[in-house]
Amino acid sequence: MALREINVDGIIGPSHNYAGLSFGNLASTKNAGQVSQPRAAALQGIDKMRANLALGLAQGIFLPNARPNRSWLAELGTDYEHADAPLAAAAMSASSMWAANAATVSPGPDTTDGRCHLTAANLRTMPHRSHEWPGTLAQLKIAFADPAHFRVHGPVPPAFGDEGAANHMRLTSKHGERGLELFVYGVTGGAFPARQHLQASKAIARLHGLDPASTLFVEQSEEAIAAGAFHNDVVAVANENVLFAHELAFADRAGLVGFCESRLPGFELVEVPAAEVPIGDAITSYLFNAQLVTPPDGEMTLIVPTEARETPTVWSWIERHIAGNGPIRRVEVVDVRQSMANGGGPACLRLRVVADPATVDPRFIVDDAKLDRLAEVIRRTWPIEIDNADLQKPSLATDVEAARTALLEALDLTELA
Ligand code: SUG
């Protein structure tokens, strides 16, 4: 069995808009009320996937959930045309594009039954995200249906907030080997909500059958949350034996480093000091919301958003690191500005699944030809712009629904309708 890391990206949905729904996510608040460009946004996402393929990485997709979520509004006793504006915006959100929040994934080498376990995230902290999981779970159950290799779990009870892989990191000598799993939780973020609860992370570790000796629960620093790091993946990212993190990411940095050093031979911490990159610059540039990957040529590569190149402290840190002999050997820059304006960088847009791609439903795996077909559907059916003021127009809702239907048909996934 050839276990590989598959990056599964959320296709940016036709309802992508800027409604400012995510308190604590500074980009979302700053861009509230702007006119969005769903078609350009989705094509940026497709180009990011093409860049991954060009590096020789395995690439998958998740589809946008049905929006507006009319059944959710019905449960709330209203409908799309009559709902209060914030409720209608929450029903229309394209937030399932941020696949890092779809689920937490523990690959087969880490679990007692040897299967790859996936738990859909409940995302209960933000109303617009709290109704994502049924659509996500439906896709997980199809994509990872093979019972010999996967076990898909429903979300943990909403008493405890869970935001999926955005607060989970895995360290290992090689993706297909046994690894350490680090679950990052928040206690308080000052004025902002801490979205990942310790009890949710502990439940997932138990459900996945992880070895307690290889599992650590790590508190996110209050300072990071208060500075706008609403998910750990805004201040840290791991790949194989490397943990790349901001100095202020964790409450107990020494405890975390000691754990990793004692359990993973060859562990390397690449730490960015606040004196070189202030935490504010790390958050606006999304330096750490990068995809840190190992392509087949073995050169560890950091895939950053264009905003990282435009932030002088960040770009000079990257240039210094690459010029030195640190473990990150290459940097690639991708334009995901439409998603970034809602606080979603390259890492937010993908869920990492270590598995043999041949065991995944092939409709969720892409190559260049399939991306061409998807881009054609997007160019033909995705709205060019969405003005917040028009969000409740009945014609917009039907356009968004028709665009998703065209995509389901192109991918032969009409069972998700
Ligand atoms: O949950 N933004 C998302 C961004 C998620 C980023 N994901 C990771 N860091 N992994 C969020 O805050 C904005 C939607 C709006 O405001 O309309 C939003 O939901």
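This report walks through the ligand shell, two helix pairs, two sheets and two backbone oddities of a predicted model.

Residue numbers start from 1 along each chain, following the sequence as written. Since the model is predicted, local features need pLDDT of at least 70 and side-chain atom pairs count only at pLDDT 80 or more, while totals for chains, interfaces and linings use all residues.

**Around the ligand**

Let's start with the ligand, which is surrounded by 23 residues. A residue is near a molecule or strand if its C-beta atom, placed from the backbone, lies within 6 Å of it. The closest are Leu21, Ser22, Ser28, Ala166 and Cys348. By class, the shell splits into 10 nonpolar, 11 polar and 2 charged residues. Here Ala, Val, Leu, Ile, Met, Phe, Trp, Tyr, Cys and Pro count as nonpolar, Asp, Glu, Lys and Arg as charged, and the others, Gly among them, as polar.

**Helices that pack on α14**

Helices (H or I, at least four residues) and strands (E, at least two) are DSSP runs, numbered from the N terminus. Axes are lines fitted to C-alpha atoms, for helices over the stretch in contact, and angles run from 0 to 180 degrees between N-to-C directions. Residues are in contact if their C-beta atoms, placed from the backbone, lie within 7 Å.

Helix α14 (residues 368-381) and helix α15 (residues 394-410) have axes that come within 10 Å and cross at roughly 160 degrees. That makes the two roughly antiparallel, a label for angles over 145 degrees (under 35 is roughly parallel, 65 to 115 roughly perpendicular, the rest oblique). On the α14 side, Arg373, Leu374, Val377 and Thr381 meet Ala402, Ala403, Ala406, Leu407 and Ala410 of α15. The contact of α14 with α15 has 7 nonpolar, 1 polar and 1 charged residues.

Helix α14 also packs with helix α2 (residues 38-54), at an angle of about 175 degrees and with the axes 10 Å apart. The α2 and α14 helices are therefore roughly antiparallel too. From α2 come Arg39, Ala42, Leu43, Ile46, Met49, Arg50 and Leu53, and from α14 come Asp368, Leu371, Leu374, Ala375, Ile378 and Arg379. By class, the contact of α2 with α14 holds 9 nonpolar, no polar and 4 charged residues.

**Two open sheets**

Both sheets in the table have 3 strands and mixed pairing. Strands pair if DSSP finds at least two bridges between them.

| Strand order | Edge strands | Average twist |
|---|---|---|
| β9-β10-β11 | β9 (236-239), β11 (268-272) | 15 degrees |
| β3-β4-β5 | β3 (103-106), β5 (150-153) | 15 degrees, direction ignored |

In the β9-β10-β11 sheet, β10 (residues 242-246) pairs with β11 in the parallel sense over 5 bridges. His246 stands opposite Val272 in β11.

In the β3-β4-β5 sheet, β3 and β4 run antiparallel and are joined by 4 bridges. Thr104 faces Thr119 in β4 as its opposite number. What lies across β3, β4 and β5? Helix α6 (residues 133-143) does, running at about 160 degrees to β4.

**Backbone oddities**

Most residues other than glycine have a negative phi, and most peptide bonds are trans. Which two residues does a cis peptide bond join? Arg67 and Pro68 are the pair, with omega at about -5 degrees. Pro68 sits in the loop between β2 (58-62) and α3 (70-75).

Leu123 has a positive phi, near 45 degrees, in a residue other than glycine. Leu123 lies in the loop between β4 (116-120) and α5 (127-130).

Terms used: Two residues are in contact if their C-beta atoms, placed from the backbone, lie within 7 Å.
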